[in-house]
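Grab a pencil and work through these exercises with the model open beside you. Each task comes with a worked solution.

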Amino acid sequence: MNFEFSEEQNLLREQARGFLQDNCSMKVVRAALEGDEPFNRDLWKKVAEMGWTSTVIPEEYDGLGLSYLELSVIADELGRAVAPLPFSSSVYLATEALIAYGTKTQKETWLPKLASGEAIGTFALGETQGQTTPKNLTTTGGSSVSGTKLPVADGDIADFAVVVTRTDEGDGANLCIVDLNQTGVVREVISTLDPSRSHAKITFNNADAQVMGEEGQGWAATQNIFNRAAILFAWEQTGGSDAALIMAKEYALGRFAFGRSIASYQAIKHKLANMYVKNTLARSNCYYGAWALDTTADELPIAAATTRVAGIQAYYFASKENIQTHGGMGFTWEFDCQFHYRRAKLLSVNIGSESQWQDKLITAVQQQNVA
Amino acid sequence: MDFNDSAEEATFRIEAAAWLNANAPSEADLAGLTDMQKAKLWQKRKSDAGWACVRWPQEYGGRGANAIEQVILNQEEAKIAAPNVGVFSIGQGMAAPTLQTWATEEQKKRYLPKLASGEEIWCQLFSEPAGGSDLAALRTKAEKDGDDWIINGQKIWTSGAQYSDFGIIVLRTDPNLPKHQGLSYFFLDMKSPGIEIKPIKQMSGASGFNEVYFTDVRVSDAQRLGEVGQGWQVALTTLMNERASIGGGGGAAGFKTAMDLANRINIDDKPAIEDKHVRAQLANWYVQESGLKFTGYRSMTALSKGEIPGPENSIGKLVGAPKSQDLASFAMDLMEQAGIVLDPDGDEMANLFQGTYMSIPGLRIAGGTDEIMANIIAERVLGLPQDVRVDKGIPFTDVPTSN
């Protein structure tokens with residue numbers, strides 16, 4: 001049995017954690033939350049210089065050609081740091097979409113720039129409240145896209161977007177790649193619950209676009225991209241959950257009430273133990289997800305849904321109980337508890353909410369049973 | 001990252017599987033035997049060939065195998081239809097490690113091989129009516145009389161007392177010292193005069209445990225493990241191994257059985273599995289079981305590398321037992337009114353969920369309640385301080401007790 005990261009991967013973890021402690025402290029997160037800058041450009045540059053954005057991009061496109069285990073390690077640490085970066089949009093979604101469905105030309109155009117961090121990509125699916133399906137998509141198109149996407153994570157700063165559009169063909173959707181720097185694209189920065197990550201409303205007016213993958217197979221492609229991204233997002237959620245637990249623990253140890261540390265009261269101890277339990281389940285499931293991503297296992301859809309449900313549940317629980325452990329101070333603007341609570345919600349709705357993934361999990365298990 | 005054996009592990013697995021397949025008792029071997037006789041036959045056969053208690057040193061009945069080899073053997077044994085040897089688990093899993101740490105060489109040579117071979121069965125006499133989660137509050141006393149001690153009092157929740165040959169026991173040898181300091185640890189012959197064993201009828205109707213009463217029972221001072229007053233330390237050796245012995249998820253009622261039920265029961269004239277609420281519930285249990293499974297794989301990896309597993313595995317019982325309880329309850333709800341109809345010869349699945357529902361409350365308490373397990377995680381894993389103890393440092397006789 002060798003269900004563990006390698007020594008080199010653990011070394012990468014140490015380096016990543018050390019780097020983020022030095023360069024992405026809670027002060028940096030707060031600056032992103034309170035400031036006008038859409039993201040931390042300086043940090044993005046450093047992260048790209050270290051090769052994080054190029055981790056899984058093949059060497060022929062100027063990437064490092066490393067595995068998803070290395071990317072999992074980085075995602076874990078970025079989640080822990082609540083990093084104010086467009087990393088997930090650009091790496092887990094846009095880069096993955098190009099690797100899986102891009103033509104050679106599309107790859108040559110964008111992958112080297114994504115690898116170097118020079119370009120930022122994103123993924124645009126949602127349009128209105130409620131679950132998005134091929135039937136309720138209003139954005140249409142193939143070689144020319146029209147419609148409005150909201151919210152698009154990092155849509156204000158991205159250079160291109162992978163846009164899910166409605167079509168009468170196939171499964172009802174196309175996956176289109178759209179350069180966002182063109183006259184047919186209007187972008188508007190919007191406010192969201194997690195201002196440490198910037199979001200936009202993007203309106204396409206006959207914008208030039210190219211279909212990725214096969215025409216009319218965009219919905220299946222979206223599901224596949226989300227399955228893969230779900231595992232990487234779950235690593236961020238798990239890293240964030242651990243950070244919230246450590247924050248709660250350190251505060252409880254130092255906070256005295258009725259003459260003793262509140263960490264000695266069972267009500268608090270059990271709360272933190274429950275956080276630890278959920279975090280451990282999420283982390284072990286993330287190991288499973290990383291293995292499935294790394295080996296492109298047949299059970300990837302099961303691993304993805306399992307990992308995502310565990311990640312959503314752990315981060316929501318850890319982030320809300322961290323505030324509770326802090327008492328009144330946890331509810332202030334001044335304290336950092338809010339960062340995890342905000343990020344937990346962003347990450348729980350961005351590529352489909354908990355109930356969607358619970359449903360997908362059972363569907364995947366049913367399909368496995370039939371196979 | 002993979003799930004594969006190392007070369008040595010693969011060799012061991014092949015060797016173990018080959019022996020198990022060649023030597024598992026046939027139906028003819030087992031014809032007409034009681035469950036106990038079947039267990040003893042199989043255990044003796046394994047022991048004679050060196051496949052029992054493989055981690056123990058050879059001179060005590062083992063083969064000096066490492067921890068991952070034990071896991072591999074367990075996995076391979078689970079694949080064959082061999083008799084259940086659970087009756088030996090307390091003796092081998094809890095008494096034996098304590099003997100190995102604290103007994104004399106002569107005692108180890110006398111008792112350990114027969115524990116390994118299943119010829120002698122041991123039980124554990126720790127819990128008392130006044131000492132459960134607060135085990136050190138036990139009151140059964142031992143008073144020195146020449147080279148012997150005389151025991152009076154009562155133990156409770158003793159599994160297998162009625163068929164055990166020996167028992168490990170913690171006793172209060174000095175009630176005037178503070179709680180933990182007045183304890184000493186012994187082993188004794190369960191056939192000693194003055195021992196009376198009464199089965200406990202559980203809420204499920206089954207009787208898996210006993211009350212054990214002691215009236216002037218004599219035990220030799222030579223059967224003391226550790227010094228007088230050192231009983232708590234010796235007991236910790238046993239308890240550390242208890243978590244390894246009990247653990248687990250508790251019963252076969254899990255995601256798969258609940259999913260099977262949801263496939264054949266209808267809600268609104270459609271299979272329950274199509275109901276979104278049912279699917280969400282099932283998904284949550286799948287996620288928990290998956291998390292526990294892969295947590296186990298992480299621990300096995302540590303064992304495989306010769307490391308001591310981290311604290312992750314302490315969550316097994318804390319997650320598994322409540323999960324089984326909720327799952328059984330939910331499954332019976334799916335059956336609607338028929339969920340409560342008992343028919344031992346009827347639907348196997350109904351019996352499984354009903355049986356789980358009625359037995360799981362015990363698993364949430366045995367071997368450390370959910371609350372104690374949470375304390376252990378909080379204190380030993382997260383490093384949080386112990387609760388304030390009002391009985392600390394005062395003579396045991398002055399400690400307030402229940403009525």
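**Exercise 1: domains of chain A**

Chain A is assigned domain 1 (7-116), domain 2 (121-214) and domain 3 (219-370), with bounds from an automatic or database domain assignment. This is a predicted model, where local features need pLDDT of at least 70, side-chain atom pairs count only at pLDDT 80 or more, and totals for chains, interfaces and linings use all residues. Residues are numbered from 1 along each chain as its sequence is written, and chains are lettered from A and ligands numbered from 1 in the order in which they are written.

Task: work out how domain 1 of chain A meets domain 3 of chain A.

Solution:
- Start with the C-alpha centres of the two domains, which lie 20 Å apart.
- Next, count the contact (C-beta atoms, placed from the backbone, within 7 Å): 21 residues from domain 1 of chain A and 22 residues from domain 3 of chain A.
- Then find the main supplier on the domain 1 side: helix 4 of chain A has the largest share, 10 residues. Helices here are DSSP runs (H or I, at least four residues), numbered from the N terminus.

**Exercise 2: the same pair in chain B**

Task: find how far apart the centres of domain 1 of chain B and domain 3 of chain B are, and what touches.

Solution:
- Look up the bounds: domain 1 (1-84), domain 2 (86-245 + 388-403) and domain 3 (247-365).
- The C-alpha centres of domains 1 and 3 of chain B are separated by 28 Å.
- For the contact, take six residues from domain 1 of chain B and four residues from domain 3 of chain B.
- Helix 4 (residues 67-79) of chain B gives the largest share of the domain 1 side, three residues.

Definitions and conventions
Contact = placed C-beta atoms within 7 Å. Helix = DSSP H or I, 4+ residues; strand = E, 2+ residues; numbered from the N terminus.
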